[in-house]
Amino acid sequence: MENNNSHQSFVNNNYIVYGWLYLIILLQSFLFTSYGTFFPHNAILLSKLVNLLIICYVIYGVIIQITARKLIYIAVILLIVLLTFWKLRIFSPYIKLLLLSIAVPSTIPSGRKIVKVFALALITTMVTTIVLSLLGYLPQSGATSKSIFSNYQETVYFFGFSHPNAFGTFLSMIFASSMFLFFKRHKWIMIMVATVVFVTNVTIGAGTAAVSVLLVLIVSIMPVKSYKFAYLLPPFLATFALWLSYYNTSAFGMIINEKIASRPNVWNAYTSQYPTKLISDPIQVNTDGYSGILGNGVLDGSYIYVLIFWGILALLFYIITFIVLIKFSIDTKNKVLFAISVMIIVSAFPESHMIMFYENIFLLFVGFYQFNMDERKKYLQS
């Protein structure tokens, strides 16, 4: 017991790991902006630095404290990582998420502290990107070529970001983090903040981000009699997305296609070319973060994106992770976490951002399964 308390005291005061996580999120989220497009050589070097930081962080996270439960979790995650990397030969955001799910909860056993570090890193990235765009190093506005699969434009720059939706996603996730941290104590202030963020996203044309803000706020304040219905959302939306990708020209598919910017047509272009496998074969579209996650058809939609680029095993992992978030929110009676979980699950249907750890730190909460139930509840609420 004394050793456990000593370990807890050490990790609670180990500010080095806060800086470690901050730097990883900062650099990886910055590579998600237009920086990689205009400074590709620098972006490649930064990407390699992120990879090195993650590998070192994971090694530290593994050795900091060893328990039987943690060893089982590490064994399962590393098996998935090795199988995926052996097949794809890419240090993808998915692999980074898996590895960080080992390192982050074991070195920062506090849900609130993890989210604080994440929010600070995103704010730094956003401010830095805007300043660089205002100084002329990154574009403020403008459009490039359109996708060949739909009428959706592949890149529309906005204050250094590759699209207003990318800017809106940053803004929405900073808001979601603030809700997680401050809603209980400052409900009315957060409602006012939600209004400002929502109006901003609507004004710049970041529709999905605006809906995300509204969804988090409404679910957080509305009375919900049964929370367990949300367990069905991830498998349902994943199945629905897959169905749409094959039946995009059906009467119902065409209606949905019109409502969500031709995404089912884009999904069909990928599912018809790349057969789904347990672990996907390499696909000739860059997904490492520094050149963006956009494919030749702007493959928005997390469920199809995961299935095509990383395979059935990855999709199952994400579905389980989404369900785990719902479970954690119910176990801890945290309605805001429940609202954020629902927002993530729903937003993942039309957008690809929510599957990236540098856009959605809540995915790393799955790593709290390294601890028993009592410890989990304590860490998630601390």
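**View 1. The whole protein holds 17 helices and two strands.** This is a predicted model. The chain has 382 residues, and 57% of them count as buried. Contacts in the protein also link distant parts of the sequence. Take the contacts with a separation of 6 or more: residues 24 or more positions apart account for 75% of them. The protein exposes about 16,400 Å². Carbon and sulfur atoms supply 68% of that area.

**View 2. Met343 sits in helix α16.** This helix covers residues 335–347. The relative accessibility of Met343 is 1%. Buried means under 20%, so Met343 counts as buried.

**View 3. Met343 touches residues from elsewhere in the sequence.** Leave out residues up to four places away in sequence, and its contacts are Met173, Ala176, Ser212, Leu215, Val216 and Met354. Val213 gives a sense of the fold. Along the sequence, Met343 and Val213 are 130 residues apart. In space, their C-alpha atoms are 8.2 Å apart.

**View 4. Five residues make a nonpolar patch on the surface.** They are Ile123, Val127, Val131, Leu135 and Tyr137. The patch measures about 480 Å².

**View 5. Val131, one of the patch residues, lies in helix α7.** Helix α7 spans residues 111–134. Is Val131 buried, exposed or partly exposed? Its relative accessible area is 40%. That value falls between the 20% limit for buried and the 50% limit for exposed, so Val131 is partly exposed.

Key. Residues numbered from 1 in each chain as written. Predicted model: local features only at pLDDT ≥ 70, side-chain atom pairs only at ≥ 80, totals over all residues. Heavy atoms only, no water. Helix = DSSP H or I, 4+ residues; strand = E, 2+ residues; numbered from the N terminus. Buried < 20%, exposed > 50% of the residue type's maximum accessible area, 1.4 Å probe, protein only. Contact = heavy atoms within 4.5 Å. Areas by Shrake-Rupley, 256 points an atom, 1.4 Å probe, with all protein chains shown as cover. Patch = residues over 30% accessible without salt bridge, like charges linked within 9 Å, V, L, I, M, F, W, Y side chains within 5 Å. Salt bridge = Lys/Arg side-chain N within 4 Å of Asp/Glu carboxyl O.
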